Each structure stands twice: as structure tokens, then as C-alpha cells.
Amino acid sequence: MKRLIMAVILTIPMIAVANPYVEFKNVVPFRDTYSQTSTSHLRLGYKLKNNLYVEGGVMSHGTSYEAGYKFSRGNWTIKGKWEGTDSNQRDTFNSKLETEIRFTFGE
């Protein structure tokens, strides 16, 4: 499954015009009053001209992948993404789907 996702991520730039980028992200979850272990991500990504993007790479304890979009019209902005992680610290593949709808008052 991981190889299929990475093949799709690496093939999309050949199909559509894209702008490659490298992203580093560090996540520190807080639960109750103490901090958990942080996770760092290093991802290679491509932003397509139609406001879609795909990225994937390594993280502190495995690999992670993400694909999403962002569209704006007037005062409305709609963003969404799917993110998956495959950690060597657990036996399951973890994923989530996020959607944001924003209305900005004024100009």
C-alpha cells in the first residue's frame, strides 16, 4: 500500500504542471498538563495549478502522506485534506480527513 501511494505521489507531477516543494513540520501533542513525545515530518510535495497538492515523506517513527485542496471565492475559503501515517510504533495505518469552511468578514 505504501509503495502504491508513493508511486501516485511521484507520478502526478509528470501528468500535470506542478511546483515542487520541501516541507518540515514538527508536532507536539498536549494532553492534560504534560507534553507527549514530538513527531517531526520531512515531506516532498507538489502544488498543482488547480489548487490541489500532494506530499509524502518520512516522519520520526515511520512515513506520512497528504493530499488536499484550497479554493477561494469572494469571502469564502474551502480547504480540505486527507492525511495518513504509517508508524513503526503501532500495527495500524492511521488516517484522517479534515475540511475547513471559512467566511471572512470585510474585504
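**Group meeting: salt bridges, a pocket and a patch**

Let me start with one residue, Arg43, which is buried, with a relative accessible area of 2%. Keep in mind that this is a predicted model. The cut-off for calling a residue buried is under 20% relative accessible area, so Arg43 qualifies.

What does the side chain of Arg43 meet in a salt bridge? The partner is Glu83, at 2.6 Å from N to O. Arg43 sits in strand β4 and Glu83 in strand β7, 40 residues apart, and the pair links distant parts of the chain. Is Glu83 buried or exposed? Glu83 is buried, at a relative accessible area of 7%. Glu83 also has a salt bridge with the side chain of Lys81, and there the N to O distance is 3.7 Å.

Now let's widen the view a little. Arg43, Glu83 and Lys81 belong to a network of salt bridges, whose other members are Lys25, Glu55, Glu66, Lys96 and Glu98. How many salt bridges does a search of the whole structure find? The count is nine.

For context, here is the overall layout. The protein has one helix and eight strands, and from the N terminus on, the order reads α-β-β-β-β-β-β-β-β. Of its 107 residues, 23% count as buried.

Another salt bridge I'd like to show you joins Lys79 and Glu100, with the closest N and O atoms 3.4 Å apart. Lys79 is in strand β7 and Glu100 in strand β8, so this pair ties together parts that are 21 residues apart in sequence. How accessible are the two partners? Lys79 is partly exposed at 27% relative accessibility, and Glu100 is partly exposed too, with a relative accessible area of 37%.

Those two residues bring us to a pocket. Rolling a probe the size of a water molecule over the atoms shows where empty space is left. In the second largest pocket, that space comes to about 200 Å³. Which residues line the second largest pocket? Lys79 and Glu100 are both there, together with Lys47, Asn51, Tyr53, Tyr69, Lys70, Gly80, Lys81, Glu98 and Thr99. You'll recognise Lys81 and Glu98 from the salt-bridge network. Strands β6 (62-73), β7 (76-87) and β8 (93-103) each supply at least two of the lining residues. By character, the lining divides into six charged, three polar and two nonpolar residues.

One of the lining residues deserves a stop of its own, and that is Asn51. Asn51 is not a glycine, yet it has a positive phi of about 70°. Where does Asn51 lie? You'll find Asn51 in the loop between β4 (39-48) and β5 (52-59). Asn51 is partly exposed, with a relative accessible area of 34%.

Let me finish with the nonpolar side of the surface. Val22, Phe24, Leu42, Leu44 and Val58 make a nonpolar surface patch of about 490 Å². Which elements give two or more residues to the nonpolar patch? They are β1 (18-27) and β4. Leu42, for instance, is found in strand β4, and Leu42 is partly exposed, with a relative accessible area of 45%. Patch residues must have over 30% relative accessible area, so Leu42 passes that cut-off.

So strand β4 holds both Leu42 of the nonpolar patch and Arg43, the buried residue we began with. Thanks, everyone, and I'm happy to take questions!

Key. Residues are numbered from 1 along each chain as its sequence is written. This is a predicted model: local features need pLDDT of at least 70, side-chain atom pairs count only at pLDDT 80 or more; totals for chains, interfaces and linings use all residues. Side-chain values use heavy atoms; hydrogens and water are left out. Helices (H or I, at least four residues) and strands (E, at least two) are DSSP runs, numbered from the N terminus. Buried means under 20% relative accessible area, exposed over 50%, partly exposed in between (1.4 Å probe, protein chains only). On a 1 Å grid over the protein atoms alone, a cavity is a set of points where a 1.4 Å probe fits but cannot get out, and a pocket is an open set with protein on both sides within 12 Å along at least five of seven lines; lining residues have an atom within 4 Å of a point. Grid points are joined across faces, edges and corners, and a volume is the space filled by probe spheres set on the points. Ala, Val, Leu, Ile, Met, Phe, Trp, Tyr, Cys and Pro count as nonpolar, Asp, Glu, Lys and Arg as charged, and the others, Gly among them, as polar. Patches are made of residues with over 30% relative accessible area and no salt bridge: like charges are joined within 9 Å, nonpolar side chains (Val, Leu, Ile, Met, Phe, Trp, Tyr) within 5 Å. Accessible areas come from the Shrake-Rupley method with a 1.4 Å probe; for residues, only the protein chains shown count as cover. A salt bridge is a side-chain nitrogen of Lys or Arg within 4 Å of a carboxyl oxygen of Asp or Glu.
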